[in-house]
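Visitor: Could you take me through one part of this model up close? I'd like to see how a helix sits against its neighbours, and then whatever else you think deserves a look.

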Amino acid sequence: MSHRSFLKALGLLAAAPLLFAASVAQAQTALDDVLAKKLITIAIPTDYPPYGFVGTDLKPQGLDVDMATLIAAKLGVKVELVPVTSANRIPYLQTKKADLVISTLGKNPDREKVIDFTAAYSPFFQAVFGPKTLAVKTPADLAGKSIGVTRGAMEDQELGKIAPSGLDVKRFEDNNVTVSAYVSGQTQLIATGASVAGAMMAKNPQLGTEFKLLLKDSPNFIGVAKGEDKLRAKVNEIIADAKKAGELDKMAVKWLGRPAGDLPQ
């Protein structure tokens with residue numbers, strides 16, 4: 001190596017920590033940007049009642065929407081709500097189309113590799129539901145039957161863990177299509193969140209749908225882009241205060257019919 005090349009190499013090595021520090025600093029700007037713009041962009045569901053759906057006034061409403069509004073209010077900024085599906089929630093964070101994702105997001109090791117999570121803010125669980133006339137008491141009973149599930153959702157992953165060979169899994173792109181497929185008889189069973197099933201059962205009592213199998217008890221967490229620790233810490237502070245003030249319980253009672261209770265950090 002020539003003297004000049006050696007000095008150049010030394011210069012690159014010396015610059016590396018500065019470049020790394022700059023990238024870390026850059027990754028920590030979300031909270032500052034939000035406060036400077038006085039605007040936070042939050043991804044929410046619009047096909048997942050009672051967490052997020054479009055009301056008769058064509059405006060988004062639900063528990064996740066209320067939570068988004070609460071966070072914006074506590075930050076003293078306006079909120080821009082961006083509708084997302086189960087499949088594109090995480091990409092919206094990764095591509096900076098959203099500062100936060102409040103969309104019935106469950107926490108698992110695969111997701112933790114690509115995004116960060118706040119403390120939990122609301123209860124949730126996934127299960128298999130079907131008509132009373134269909135006997136399903138164990139995963140083995142699913143063999144030979146058809147089931148609808150939303151592609152990429154938590155229940156899709158959990159169903160994969162217990163599905164016996166011979167179960168016909170039909171995947172759909174969003175919850176409305178999954179529910180429609182079950183209601184119209186395209187599938188015998190549906191794997192979904194308790195809230196979606198509750199809304200579906202209330203609208204379609206003639207189907208005699210009931211809870212069959214628990215897939216996962218999975219509280220909801222707020223998604224934050226990887227490395228945005230300042231924003232995550234601030235949101236955790238807001239969640240803790242809302243929990244202490246009874247606001248989380250009030251929200252859960254309003255939309256789910258029961259308090260949020262003891263949620264994981």
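Guide: Sure, and keep in mind that this is a predicted model. Let's start with helix 2 (residues 30-37) and helix 9 (residues 229-244), whose axes come within 6 Å and cross at roughly 70 degrees. Angles of 65 to 115 degrees count as roughly perpendicular, so helix 2 and helix 9 get that label. On the helix 2 side, the contact is made by Ala-30, Leu-31 and Asp-32, and on the helix 9 side by Lys-230, Leu-231 and Lys-234. Sort the residues of this contact by type and you get 3 nonpolar, no polar and 3 charged.

Helix 9 has another partner in helix 3 (residues 63-75): those two pack at an angle of about 110 degrees, with their axes 10 Å apart. That angle makes helix 3 roughly perpendicular to helix 9 too. Here Met-67, Leu-70, Ile-71, Lys-74 and Leu-75 of helix 3 meet Lys-234, Val-235, Ile-238, Ile-239 and Ala-242 of helix 9. The split for this contact is 8 nonpolar, no polar and 2 charged. Notice Lys-234, which is listed in the contact with helix 2 and also in the one with helix 3.

Back in helix 2, have a look at Asp-33. Its relative accessibility is 38%, so Asp-33 counts as partly exposed. Asp-99 is 66 residues away from Asp-33 along the chain, yet their C-alpha atoms are separated by 9.7 Å.

For a buried residue, go to Asn-220 in strand 13 (residues 220-225). With 0% relative accessibility, Asn-220 counts as buried. The side chain of Asn-220 has a polar contact of 2.8 Å with the side chain of Ser-122. Leaving out residues up to four places away in sequence, Asn-220 touches a run from Ala-120 through Tyr-121, Ser-122 and Pro-123 to Phe-124, along with Tyr-51, Thr-104 and Leu-105.

Last stop, helix 7 (residues 175-183), where Asn-175, Thr-178, Val-179, Ala-181 and Tyr-182 are buried. Looking down the axis of helix 7, you'd find those buried residues within an arc of 160 degrees, so they line one face of the helix. At the N-terminal end, Asp-174 acts as the cap, with a side-chain oxygen 3.0 Å from the backbone nitrogen of Asn-176. Just past helix 7 comes Gly-185, with a positive phi of about 90 degrees.

Definitions and conventions
Residues are numbered from 1 along each chain as its sequence is written. This is a predicted model: local features need pLDDT of at least 70, side-chain atom pairs count only at pLDDT 80 or more; totals for chains, interfaces and linings use all residues. Side-chain values use heavy atoms; hydrogens and water are left out. Buried means under 20% relative accessible area, exposed over 50%, partly exposed in between (1.4 Å probe, protein chains only). Helices (H or I, at least four residues) and strands (E, at least two) are DSSP runs, numbered from the N terminus. The arc is that of the directions from the helix axis to the C-beta atoms. A polar contact is a pair of N or O atoms within 3.5 Å; within protein, one must be able to donate a hydrogen and the other to accept it, and residues adjacent in sequence count only if both atoms are side-chain atoms. Axes are lines fitted to C-alpha atoms, for helices over the stretch in contact, and angles run from 0 to 180 degrees between N-to-C directions. Angles under 35 degrees count as roughly parallel, over 145 as roughly antiparallel, 65 to 115 as roughly perpendicular and the rest as oblique. Contact means heavy atoms within 4.5 Å. Ala, Val, Leu, Ile, Met, Phe, Trp, Tyr, Cys and Pro count as nonpolar, Asp, Glu, Lys and Arg as charged, and the others, Gly among them, as polar.
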